[in-house]
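Grab your viewer and work through a few short exercises. Each one sets a task and then walks through a solution.

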2 protein chains.
Amino acid sequence: MPRRTRRQVLDELALAGRAHSTGVVLFHAALAAKQGLGPTETKALDLLERLGPMTAGEFGTRTGLAPASITGLIDRLEQKGFAKRVKDPADGRRVLVEYDPASSKRFAPHFMGFMKDLEALYEGYTLEELEVVRRFLVEVAEIQTEAAVKLNELP
Amino acid sequence: MPRRTRRQVLDELALAGRAHSTGVVLFHAALAAKQGLGPTETKALDLLERLGPMTAGEFGTRTGLAPASITGLIDRLEQKGFAKRVKDPADGRRVLVEYDPASSKRFAPHFMGFMKDLEALYEGYTLEELEVVRRFLVEVAEIQTEAAVKLNELP
DNA sequence: CCGTTTATTTCGTTCCATCGAAAGAACTAA
DNA sequence: TTAGTTCTTTCGATGGAACGAAATAAACGG
């Protein structure tokens, strides 16, 4: 008979998961605020970073914004130095929006302390344990992202 | 000599961490959108849920909003059924804002599938592994929340 | 009691992100 | 070359969330 039942451990894990999620959200919100970015801009930059350069039109469909709004959005991102417009060499009508990688470095100082703390944290785990954690994170990420997509498209 | 060096595992872990964070943010944003909540309202509800009932004034300082804005915010939350006003029995000038727990149940259906998938995921882990993951999540949550606080107060 | 202080709301205004419609620029095909 | 199509931007308008200042309501201290 284990000291804690599996159910107990699972419940505690769920609690830990909530706490962790809250931490993630708080951190992201704080970082966005520090960068002077609104919710839409944050989301947009995330898209650019993950999917790479895209046309203004595609940017619009992916963010769900009207064409006119996209122009304003790109204007703001450009003015704040997070993205830039590049004329599509193949088609002069199109404008490619691309993420400026320098912008991530610009805010690296804010990350440094956090990164250091994480590295220190890792010291308390064996290689095997880290591998378990990695697998868990990847699998949860997949489920969660899928759930988010379903939420968005369902109703 | 291990098949993968510790450094490699750590790098992969960092990558997994990023993917997971993205998933968390996407899911939260999708859920908020489905509930018809704006960024401020989401943040405010999170405060109420974590810290319990508080006066309108305290609510204002915690959210960083002006008194006039708080009234509107509470109005919206109340109208949407996520919170309610309660007269402070000890001081008639004050208004306590409290989270309505029923509102979380109201959106439970959207969680169900996600929860089921998570439970299924847990089946692939031993009790010891789940405990490792729990510890990791708790420790990271602490570091991350602390980092968020620092980000907010620093400049 | 009566003036003062504290807590919230009301009021009128401002700012900003978004929108629809139309204009402008560039490719395509006949 | 020109007519039609596609992509982005400009323009003017709208709505919502935030603000400061004044108004209201309740507690507190003389």
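**Exercise 1: the surface around the DNA**

Find the residues that come nearest to DNA strand C.

Solution. Start with everything near the strand, meaning residues with a heavy atom within 4 Å of it. That gives 19 residues around DNA strand C, and A:Thr40, A:Ala66, A:Ser69, A:Gly92 and B:Arg85 come nearest. Next, look at the DNA side: sugar and phosphate make up 75% of the strand C atoms that come within 4 Å of the protein.

A word on conventions: this is a predicted model, where local features need pLDDT of at least 70, side-chain atom pairs count only at pLDDT 80 or more, and totals for chains, interfaces and linings use all residues. Residues are numbered from 1 along each chain as its sequence is written, chains are lettered from A and ligands numbered from 1 in the order in which they are written, and side-chain values use heavy atoms, with hydrogens and water left out.

**Exercise 2: phosphate contacts**

Which atoms pair with phosphate oxygens of DNA strand C?

Solution. Look for N or O pairs within 3.5 Å.
- From chain A, a polar side-chain atom of A:Arg76 sits 3.0 Å from a phosphate oxygen.
- From chain B, a polar backbone atom of B:Ala56 is 3.2 Å from one.
- A backbone N or O atom of B:Val95 is also 3.2 Å from a phosphate oxygen.

**Exercise 3: A:Thr55**

Is A:Thr55 buried or exposed?

Solution. Its relative accessible area is 17%, so A:Thr55 is buried (under 20%; exposed is over 50%, partly exposed in between, using a 1.4 Å probe and protein chains only).

Note on methods: A polar contact is a pair of N or O atoms within 3.5 Å; within protein, one must be able to donate a hydrogen and the other to accept it, and residues adjacent in sequence count only if both atoms are side-chain atoms.
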